[in-house]
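Hi everyone, thanks for coming. Please have a look at the model on the screen, and then I'll walk you through it.

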Amino acid sequence: MAREGWKGKRLVAINCGANVNFDRLRYIAERAEIGAGREALLAVEIPEERGSFLKFCRTLGARNITEFNYREQGGERAGSSWG
């Protein structure tokens, strides 16, 4: 069989225009940064009140937030993704 005899061999996955578009390339690049320990992806809930985002930024310290996604959940808390 073609799939036998590959143990201990080095394999390469080829990414080309046929199977990677810009959306997928962004996803791959983000995951590579996370895997390298240079970026983190956080999902948190913060109080639905003025100053909550600023308080979170101050808690993070001297780190950059490169992307912010916000979901108002109706009520006193909001769900967010930080990257």
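Let's begin with the outside. The protein chain has an accessible surface of about 7500 Å², and 52% of that belongs to carbon and sulfur atoms. Accessible areas here come from the Shrake-Rupley method with a 1.4 Å probe, and for residues only the protein chains shown count as cover.

A word on the source: this is a predicted model, where local features need pLDDT of at least 70 and side-chain atom pairs count only at pLDDT 80 or more, while totals for chains, interfaces and linings use all residues. Residues are numbered from 1 along each chain as its sequence is written, and side-chain values use heavy atoms, with hydrogens and water left out.

Now the layout. You can find 2 helices and 3 strands in the protein chain, in the order α-β-α-β-β from the N terminus on. Helices (H or I, at least four residues) and strands (E, at least two) are DSSP runs, numbered from the N terminus.

How many of the 83 residues count as buried? The share is 12%, where buried means under 20% relative accessible area, exposed over 50%, and partly exposed in between (1.4 Å probe, protein chains only).

Helix H2, residues 52-60, shows this nicely. Its buried residues are Ser52, Phe56 and Leu60. Seen down the axis of H2, they fall within an arc of 80°, so they line one face of the helix; the arc is that of the directions from the helix axis to the C-beta atoms. Lys55 and Arg58, on the other side of H2, are exposed. Just after H2 comes Gly61, with a positive phi of about 80°.

H2 also takes part in an aromatic pair. Rings of Phe, Tyr and Trp (its six-membered ring) pair if their centres lie within 6.5 Å; planes under 30 degrees apart count as stacked, over 60 as edge-to-face and the rest as tilted. That rule gives a count of 1 aromatic pair. Phe53 and Phe68 form it, tilted, at 4.8 Å centre to centre and 55° between the planes. Phe53 lies in H2 and Phe68 in strand E2 (residues 68-72), so the pair ties together parts that are 15 residues apart in sequence. Phe53 is partly exposed at 34% relative accessibility, and Phe68 is partly exposed at 36%.

Last stop: helix H1, residues 22-35, which holds Phe22. Is Phe22 buried or exposed? Phe22 is exposed, with a relative accessible area of 75%.

Thanks for listening!
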